[in-house]
Amino acid sequence: MADDKTSKKDDREILVKVEHLVQTFNKGKKDEVKAIQDISFNIYKGETLGLVGESGSGKTTTGRSIIRLYQPTGGDVLFEGQNIARLRNGSKAMLDFRRKVQMIFQDPYASLNPRMKVKDIIAEGIDIHHLAKSDADRDNRVNALLDEVGLNKDHATRYPHEFSGGQRQRIGIARALAVEPEFIIADEPISALDVSIQAQVVNLLKDIQDKQNLTYLFIAHDLSMVKYISDRIAVMHYGRLVELASADEVYNHPLHPYTQSLLSAIPIPDPEIERKRTPIPYDASKVEDERPRRMVEVYPDHFVFAATDEVAGYKAAAVKSHLVDHPPLVGTTTD
Ligand SMILES: Nc1ncnc2c1ncn2[C@@H]1O[C@H](COP(=O)(O)OP(=O)(O)OP(=O)(O)O)[C@@H](O)[C@H]1O
(Lines give C-alpha, C1' and ligand atoms only; values in the text may rest on other atoms or scores of the structure.)
Protein backbone atom coordinates (compact mmCIF):
# COMPACT_ATOMS: atom_id res chain seq x y z
CA MET A 1 0.00 0.00 0.00
CA ALA A 2 1.28 3.45 -0.83
CA ASP A 3 1.51 4.94 2.64
CA ASP A 4 1.65 2.49 5.49
CA LYS A 5 3.04 4.80 8.16
CA THR A 6 -0.03 4.84 10.38
CA SER A 7 -0.66 1.11 9.99
CA LYS A 8 -0.05 -1.14 12.93
CA LYS A 9 1.69 -4.41 12.22
CA ASP A 10 -0.99 -7.01 11.71
CA ASP A 11 -1.05 -10.73 11.29
CA ARG A 12 -3.26 -10.88 8.21
CA GLU A 13 -1.74 -13.06 5.55
CA ILE A 14 -1.59 -11.48 2.10
CA LEU A 15 -2.85 -13.86 -0.59
CA VAL A 16 -2.87 -11.44 -3.53
CA LYS A 17 -0.74 -8.33 -3.82
CA VAL A 18 -1.53 -6.00 -6.70
CA GLU A 19 1.25 -3.50 -7.26
CA HIS A 20 1.07 -0.55 -9.65
CA LEU A 21 -1.17 -2.48 -12.02
CA VAL A 22 -1.72 -0.74 -15.35
CA GLN A 23 -3.90 -2.00 -18.18
CA THR A 24 -4.06 -0.06 -21.41
CA PHE A 25 -6.04 -1.36 -24.36
CA ASN A 26 -5.02 -0.52 -27.95
CA LYS A 27 -1.90 1.23 -26.68
CA GLY A 28 -0.61 3.95 -28.97
CA LYS A 29 -3.65 3.74 -31.25
CA LYS A 30 -6.43 6.25 -31.75
CA ASP A 31 -8.82 4.18 -29.65
CA GLU A 32 -6.42 3.74 -26.71
CA VAL A 33 -8.21 3.11 -23.38
CA LYS A 34 -6.42 3.49 -20.07
CA ALA A 35 -8.67 1.00 -18.28
CA ILE A 36 -6.49 0.70 -15.16
CA GLN A 37 -4.14 3.48 -14.18
CA ASP A 38 -1.70 2.32 -11.54
CA ILE A 39 -3.61 0.62 -8.75
CA SER A 40 -2.17 -1.15 -5.72
CA PHE A 41 -3.98 -3.17 -3.06
CA ASN A 42 -3.78 -6.37 -1.04
CA ILE A 43 -6.29 -9.16 -0.70
CA TYR A 44 -5.94 -11.02 2.59
CA LYS A 45 -6.40 -14.74 2.97
CA GLY A 46 -9.97 -15.65 3.90
CA GLU A 47 -11.48 -12.22 3.27
CA THR A 48 -13.94 -10.91 0.73
CA LEU A 49 -12.77 -7.75 -0.93
CA GLY A 50 -15.61 -5.96 -2.69
CA LEU A 51 -14.67 -3.95 -5.77
CA VAL A 52 -17.27 -1.36 -6.66
CA GLY A 53 -17.66 1.47 -9.13
CA GLU A 54 -19.75 2.54 -12.05
CA SER A 55 -19.84 0.81 -15.40
CA GLY A 56 -16.56 1.35 -17.23
CA SER A 57 -14.54 2.14 -14.10
CA GLY A 58 -12.27 -0.86 -14.72
CA LYS A 59 -13.57 -3.50 -12.28
CA THR A 60 -13.79 -6.35 -14.77
CA THR A 61 -10.44 -5.44 -16.29
CA THR A 62 -8.90 -5.56 -12.80
CA GLY A 63 -10.28 -9.06 -12.21
CA ARG A 64 -9.22 -10.29 -15.62
CA SER A 65 -5.73 -8.86 -15.25
CA ILE A 66 -5.28 -10.50 -11.85
CA ILE A 67 -6.29 -13.88 -13.23
CA ARG A 68 -4.09 -13.28 -16.32
CA LEU A 69 -6.92 -13.38 -18.84
CA TYR A 70 -5.23 -10.12 -19.80
CA GLN A 71 -1.49 -9.64 -19.71
CA PRO A 72 -0.98 -6.49 -17.59
CA THR A 73 0.51 -3.54 -19.45
CA GLY A 74 2.46 -2.69 -16.32
CA GLY A 75 2.87 -3.56 -12.67
CA ASP A 76 2.83 -6.84 -10.80
CA VAL A 77 0.33 -9.27 -9.35
CA LEU A 78 1.75 -11.47 -6.62
CA PHE A 79 -0.19 -14.58 -5.69
CA GLU A 80 1.26 -16.46 -2.72
CA GLY A 81 4.38 -14.41 -3.38
CA GLN A 82 4.74 -15.48 -7.01
CA ASN A 83 4.60 -12.85 -9.74
CA ILE A 84 1.68 -13.88 -11.93
CA ALA A 85 2.17 -11.02 -14.37
CA ARG A 86 5.45 -12.64 -15.43
CA LEU A 87 4.38 -16.31 -15.59
CA ARG A 88 4.82 -17.99 -18.94
CA ASN A 89 1.65 -19.42 -20.50
CA GLY A 90 1.81 -23.19 -20.47
CA SER A 91 4.34 -23.37 -17.63
CA LYS A 92 3.78 -25.71 -14.65
CA ALA A 93 3.47 -22.67 -12.36
CA MET A 94 0.81 -21.19 -14.65
CA LEU A 95 -1.18 -24.43 -14.66
CA ASP A 96 -1.02 -24.48 -10.87
CA PHE A 97 -2.19 -20.84 -10.74
CA ARG A 98 -5.04 -21.62 -13.14
CA ARG A 99 -6.30 -24.25 -10.71
CA LYS A 100 -5.94 -22.19 -7.56
CA VAL A 101 -7.70 -19.13 -8.93
CA GLN A 102 -11.17 -19.44 -10.42
CA MET A 103 -13.71 -17.02 -11.82
CA ILE A 104 -17.48 -16.85 -11.56
CA PHE A 105 -19.07 -14.79 -14.31
CA GLN A 106 -21.98 -12.41 -14.45
CA ASP A 107 -23.99 -14.14 -17.09
CA PRO A 108 -24.78 -17.75 -16.19
CA TYR A 109 -26.43 -18.14 -19.62
CA ALA A 110 -23.40 -17.20 -21.67
CA SER A 111 -20.78 -18.86 -19.49
CA LEU A 112 -22.08 -22.44 -19.66
CA ASN A 113 -21.62 -24.45 -22.85
CA PRO A 114 -25.20 -25.29 -23.98
CA ARG A 115 -24.11 -28.54 -25.63
CA MET A 116 -22.48 -30.03 -22.55
CA LYS A 117 -24.18 -31.97 -19.78
CA VAL A 118 -23.98 -30.36 -16.36
CA LYS A 119 -21.69 -33.08 -15.04
CA ASP A 120 -19.19 -32.49 -17.84
CA ILE A 121 -19.33 -28.73 -17.35
CA ILE A 122 -18.60 -29.15 -13.66
CA ALA A 123 -15.90 -31.77 -14.27
CA GLU A 124 -14.04 -29.80 -16.93
CA GLY A 125 -11.45 -28.54 -14.46
CA ILE A 126 -11.26 -31.93 -12.74
CA ASP A 127 -10.32 -33.43 -16.12
CA ILE A 128 -7.83 -30.71 -17.08
CA HIS A 129 -6.03 -30.99 -13.77
CA HIS A 130 -6.38 -34.81 -13.51
CA LEU A 131 -7.93 -34.59 -10.07
CA ALA A 132 -10.17 -37.68 -10.29
CA LYS A 133 -8.66 -41.11 -9.64
CA SER A 134 -11.36 -42.92 -11.63
CA ASP A 135 -14.68 -42.37 -13.43
CA ALA A 136 -16.48 -43.24 -10.20
CA ASP A 137 -14.40 -40.69 -8.32
CA ARG A 138 -15.26 -38.11 -11.00
CA ASP A 139 -18.99 -38.85 -10.62
CA ASN A 140 -18.76 -38.74 -6.84
CA ARG A 141 -17.00 -35.40 -6.94
CA VAL A 142 -19.62 -33.97 -9.30
CA ASN A 143 -22.46 -35.23 -7.09
CA ALA A 144 -20.86 -33.79 -3.97
CA LEU A 145 -20.42 -30.44 -5.73
CA LEU A 146 -24.05 -30.41 -6.89
CA ASP A 147 -25.09 -31.07 -3.32
CA GLU A 148 -22.82 -28.33 -2.03
CA VAL A 149 -24.44 -25.71 -4.27
CA GLY A 150 -27.99 -26.81 -3.48
CA LEU A 151 -28.65 -28.94 -6.57
CA ASN A 152 -28.86 -32.73 -6.70
CA LYS A 153 -27.40 -35.63 -8.61
CA ASP A 154 -30.41 -35.93 -10.92
CA HIS A 155 -29.31 -32.62 -12.40
CA ALA A 156 -25.98 -34.07 -13.55
CA THR A 157 -27.22 -35.46 -16.86
CA ARG A 158 -29.25 -32.41 -17.88
CA TYR A 159 -28.28 -29.48 -20.09
CA PRO A 160 -27.96 -25.81 -19.06
CA HIS A 161 -31.15 -24.69 -20.84
CA GLU A 162 -33.18 -26.86 -18.45
CA PHE A 163 -32.24 -24.62 -15.50
CA SER A 164 -33.29 -21.23 -14.18
CA GLY A 165 -30.82 -18.35 -13.95
CA GLY A 166 -30.17 -18.93 -10.27
CA GLN A 167 -29.61 -22.65 -10.82
CA ARG A 168 -27.22 -21.93 -13.67
CA GLN A 169 -25.22 -19.66 -11.44
CA ARG A 170 -25.07 -22.51 -8.92
CA ILE A 171 -23.67 -24.71 -11.70
CA GLY A 172 -21.08 -22.01 -12.42
CA ILE A 173 -20.14 -21.97 -8.74
CA ALA A 174 -19.85 -25.78 -8.66
CA ARG A 175 -17.59 -25.64 -11.71
CA ALA A 176 -15.34 -23.11 -9.98
CA LEU A 177 -15.22 -25.16 -6.78
CA ALA A 178 -14.46 -28.42 -8.61
CA VAL A 179 -10.73 -27.74 -8.73
CA GLU A 180 -10.50 -26.88 -5.03
CA PRO A 181 -9.44 -23.28 -5.57
CA GLU A 182 -8.04 -20.89 -2.98
CA PHE A 183 -9.19 -17.65 -4.53
CA ILE A 184 -12.35 -16.84 -6.47
CA ILE A 185 -12.99 -13.75 -8.53
CA ALA A 186 -16.76 -13.29 -8.74
CA ASP A 187 -17.50 -10.73 -11.46
CA GLU A 188 -21.00 -9.36 -10.88
CA PRO A 189 -22.20 -12.89 -10.06
CA ILE A 190 -25.71 -11.81 -9.13
CA SER A 191 -26.37 -8.81 -11.39
CA ALA A 192 -28.18 -10.87 -14.03
CA LEU A 193 -30.39 -12.67 -11.50
CA ASP A 194 -33.86 -11.84 -10.20
CA VAL A 195 -33.69 -9.81 -7.02
CA SER A 196 -35.44 -12.62 -5.15
CA ILE A 197 -32.64 -15.02 -6.10
CA GLN A 198 -29.69 -12.68 -5.51
CA ALA A 199 -29.57 -13.07 -1.73
CA GLN A 200 -29.71 -16.87 -2.03
CA VAL A 201 -26.67 -16.94 -4.27
CA VAL A 202 -24.78 -14.49 -2.06
CA ASN A 203 -25.60 -16.58 1.00
CA LEU A 204 -24.41 -19.69 -0.79
CA LEU A 205 -21.11 -17.99 -1.61
CA LYS A 206 -20.75 -16.92 2.01
CA ASP A 207 -21.46 -20.42 3.35
CA ILE A 208 -18.96 -21.98 0.98
CA GLN A 209 -16.36 -19.42 1.96
CA ASP A 210 -16.80 -20.18 5.64
CA LYS A 211 -16.51 -23.92 5.08
CA GLN A 212 -13.51 -23.80 2.79
CA ASN A 213 -11.64 -20.72 3.97
CA LEU A 214 -11.83 -19.26 0.48
CA THR A 215 -10.77 -15.75 -0.47
CA TYR A 216 -13.05 -13.69 -2.74
CA LEU A 217 -12.74 -10.66 -4.94
CA PHE A 218 -16.39 -9.70 -5.37
CA ILE A 219 -16.98 -7.27 -8.22
CA ALA A 220 -20.26 -5.37 -8.29
CA HIS A 221 -21.89 -2.06 -8.96
CA ASP A 222 -24.71 -2.81 -6.51
CA LEU A 223 -23.34 -1.37 -3.30
CA SER A 224 -26.02 -2.78 -1.04
CA MET A 225 -25.13 -6.41 -1.78
CA VAL A 226 -21.40 -5.69 -1.65
CA LYS A 227 -21.73 -4.36 1.87
CA TYR A 228 -23.41 -7.55 2.98
CA ILE A 229 -20.75 -9.89 1.64
CA SER A 230 -17.54 -7.84 1.90
CA ASP A 231 -15.05 -7.50 4.72
CA ARG A 232 -13.37 -4.60 2.96
CA ILE A 233 -14.43 -2.52 -0.01
CA ALA A 234 -12.36 -0.88 -2.71
CA VAL A 235 -14.04 1.89 -4.68
CA MET A 236 -12.92 2.35 -8.26
CA HIS A 237 -13.37 5.36 -10.52
CA TYR A 238 -11.94 5.86 -14.01
CA GLY A 239 -9.33 3.16 -13.64
CA ARG A 240 -8.15 4.27 -10.22
CA LEU A 241 -8.92 3.28 -6.65
CA VAL A 242 -10.28 6.24 -4.75
CA GLU A 243 -11.09 4.65 -1.38
CA LEU A 244 -10.33 1.39 0.42
CA ALA A 245 -11.47 0.44 3.92
CA SER A 246 -13.57 -2.04 5.86
CA ALA A 247 -17.16 -2.36 4.65
CA ASP A 248 -18.43 -0.58 7.79
CA GLU A 249 -15.95 2.26 7.35
CA VAL A 250 -16.85 2.81 3.72
CA TYR A 251 -20.58 2.84 4.49
CA ASN A 252 -20.57 4.80 7.72
CA HIS A 253 -17.57 7.06 7.21
CA PRO A 254 -17.05 7.55 3.47
CA LEU A 255 -14.43 10.22 2.82
CA HIS A 256 -13.84 10.54 -0.90
CA PRO A 257 -16.48 12.62 -2.69
CA TYR A 258 -16.97 9.90 -5.29
CA THR A 259 -17.74 7.28 -2.62
CA GLN A 260 -20.10 9.70 -0.92
CA SER A 261 -21.89 10.27 -4.18
CA LEU A 262 -22.17 6.53 -4.93
CA LEU A 263 -23.56 5.83 -1.48
CA SER A 264 -26.05 8.65 -1.70
CA ALA A 265 -27.57 6.98 -4.75
CA ILE A 266 -28.41 3.71 -2.96
CA PRO A 267 -32.11 3.58 -2.21
CA ILE A 268 -32.93 3.35 1.50
CA PRO A 269 -35.76 0.95 2.37
CA ASP A 270 -37.59 3.58 4.38
CA PRO A 271 -39.99 5.57 2.20
CA GLU A 272 -40.09 8.49 4.64
CA ILE A 273 -36.31 9.02 4.53
CA GLU A 274 -36.07 8.08 0.87
CA ARG A 275 -38.61 10.73 -0.11
CA LYS A 276 -36.57 13.49 1.51
CA ARG A 277 -33.18 12.39 0.24
CA THR A 278 -31.43 13.75 -2.80
CA PRO A 279 -28.28 12.12 -4.12
CA ILE A 280 -25.05 14.05 -3.72
CA PRO A 281 -23.74 15.09 -7.14
CA TYR A 282 -20.11 14.21 -7.72
CA ASP A 283 -17.91 17.20 -8.41
CA ALA A 284 -14.77 15.77 -9.99
CA SER A 285 -13.07 19.12 -10.51
CA LYS A 286 -11.67 19.34 -6.98
CA VAL A 287 -10.37 15.79 -6.59
CA GLU A 288 -9.34 14.96 -10.14
CA ASP A 289 -7.08 17.85 -11.08
CA GLU A 290 -3.47 17.51 -12.17
CA ARG A 291 -1.95 17.17 -8.71
CA PRO A 292 -0.25 13.81 -8.13
CA ARG A 293 -2.30 11.54 -5.89
CA ARG A 294 -1.74 8.27 -4.11
CA MET A 295 -3.60 6.06 -1.66
CA VAL A 296 -2.96 7.44 1.81
CA GLU A 297 -4.00 5.85 5.10
CA VAL A 298 -5.93 8.74 6.66
CA TYR A 299 -7.47 6.66 9.47
CA PRO A 300 -6.40 3.19 10.61
CA ASP A 301 -6.93 0.85 7.66
CA HIS A 302 -8.83 3.52 5.75
CA PHE A 303 -7.15 4.66 2.53
CA VAL A 304 -8.15 7.55 0.29
CA PHE A 305 -6.72 8.66 -3.05
CA ALA A 306 -5.33 12.02 -2.06
CA ALA A 307 -2.90 14.75 -3.05
CA THR A 308 -0.43 15.79 -0.35
CA ASP A 309 -2.34 18.93 0.55
CA GLU A 310 -5.64 17.03 0.79
CA VAL A 311 -4.42 14.57 3.42
CA ALA A 312 -4.94 16.81 6.45
CA GLY A 313 -8.52 17.54 5.35
CA TYR A 314 -9.33 13.84 4.94
CA LYS A 315 -7.77 13.01 8.30
CA ALA A 316 -9.82 15.70 10.03
CA ALA A 317 -12.99 14.54 8.26
CA ALA A 318 -12.34 10.95 9.35
CA VAL A 319 -11.88 11.93 12.99
CA LYS A 320 -14.97 14.14 12.91
CA SER A 321 -17.07 11.41 11.33
CA HIS A 322 -16.03 8.94 14.04
CA LEU A 323 -17.01 11.35 16.82
CA VAL A 324 -20.64 11.05 15.80
CA ASP A 325 -22.38 8.09 17.43
CA HIS A 326 -24.74 7.54 14.57
CA PRO A 327 -23.19 8.95 11.43
CA PRO A 328 -25.60 10.87 9.25
CA LEU A 329 -27.12 8.98 6.35
CA VAL A 330 -25.21 9.93 3.29
CA GLY A 331 -27.23 12.17 1.03
CA THR A 332 -28.75 15.52 1.77
CA THR A 333 -32.26 15.64 3.12
CA THR A 334 -34.74 18.39 2.44
CA ASP A 335 -35.54 18.85 6.14
N1 LIG B 1 -10.90 -5.82 -24.38
C2 LIG B 1 -11.04 -4.49 -24.36
N3 LIG B 1 -10.61 -3.72 -25.39
C4 LIG B 1 -10.73 -2.38 -25.38
N5 LIG B 1 -11.29 -1.68 -24.34
C6 LIG B 1 -11.74 -2.39 -23.31
C7 LIG B 1 -11.66 -3.82 -23.25
N8 LIG B 1 -12.20 -4.26 -22.08
C9 LIG B 1 -12.62 -3.14 -21.44
N10 LIG B 1 -12.35 -2.02 -22.15
C11 LIG B 1 -12.61 -0.62 -21.75
O12 LIG B 1 -11.95 -0.44 -20.49
C13 LIG B 1 -12.74 0.36 -19.61
C14 LIG B 1 -13.02 -0.41 -18.34
O15 LIG B 1 -13.91 -1.47 -18.63
P16 LIG B 1 -14.35 -2.57 -17.56
O17 LIG B 1 -15.20 -3.57 -18.28
O18 LIG B 1 -13.16 -3.07 -16.84
O19 LIG B 1 -15.24 -1.73 -16.57
P20 LIG B 1 -16.27 -2.21 -15.47
O21 LIG B 1 -16.10 -1.28 -14.34
O22 LIG B 1 -16.10 -3.66 -15.21
O23 LIG B 1 -17.65 -1.95 -16.18
P24 LIG B 1 -18.97 -2.87 -16.24
O25 LIG B 1 -19.62 -2.75 -14.89
O26 LIG B 1 -19.77 -2.22 -17.33
O27 LIG B 1 -18.53 -4.26 -16.58
C28 LIG B 1 -13.99 0.74 -20.40
O29 LIG B 1 -13.78 2.00 -20.99
C30 LIG B 1 -14.08 -0.34 -21.45
O31 LIG B 1 -14.74 0.12 -22.60
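Good morning, colleagues. I begin with the sheet: in this predicted model, eight strands make up an open sheet, and their order is β6-β7-β8-β3-β9-β10-β13-β12. The pairing within this sheet is mixed.

Why do β6 and β12 each have one side without a neighbour in the sheet? These two strands, β6 at residues 101-104 and β12 at residues 294-299, stand at the edges, and each has a single partner strand, so one side of each remains without a neighbour there. As for the twist, neighbouring strands of the sheet are turned against each other by 20 degrees on average, with direction ignored.

Let me now turn to the edge at β6. The partner here is β7, which covers residues 183-187. β6 and β7 run parallel, and four bridges join them. If you wish to locate this pairing in the structure, please look for Gln-102, which stands opposite Ile-184 in β7.

I turn next to the chain as a whole. It contains 12 helices and 14 strands. Along its principal axes, the C-alpha trace spans about 65 × 50 × 45 Å. How does the radius of gyration stand against that of a compact globule? For 335 residues, such a globule would have a radius of gyration near 20 Å; the chain has 21 Å, and therefore the two agree.

Two further figures describe the packing. Of the 335 residues, 38% count as buried. Where contacts join residues at least 6 apart in sequence, 66% of them link residues at least 24 apart. The pairing of β6 with β7 has already shown us two segments brought together, residues 101-104 and residues 183-187.

Thank you for your attention.

Conventions:
Residues numbered from 1 in each chain as written. Predicted model: local features only at pLDDT ≥ 70, side-chain atom pairs only at ≥ 80, totals over all residues. Pairing = 2+ DSSP bridges. Axes fitted to C-alpha atoms, helices over the stretch in contact; angles between N-to-C directions. Rg over C-alpha atoms; globule rule 2.2 N^0.38 Å. Buried ≥ 20, exposed ≤ 12 C-beta atoms within 10 Å, placed from the backbone. Contact = placed C-beta atoms within 7 Å.
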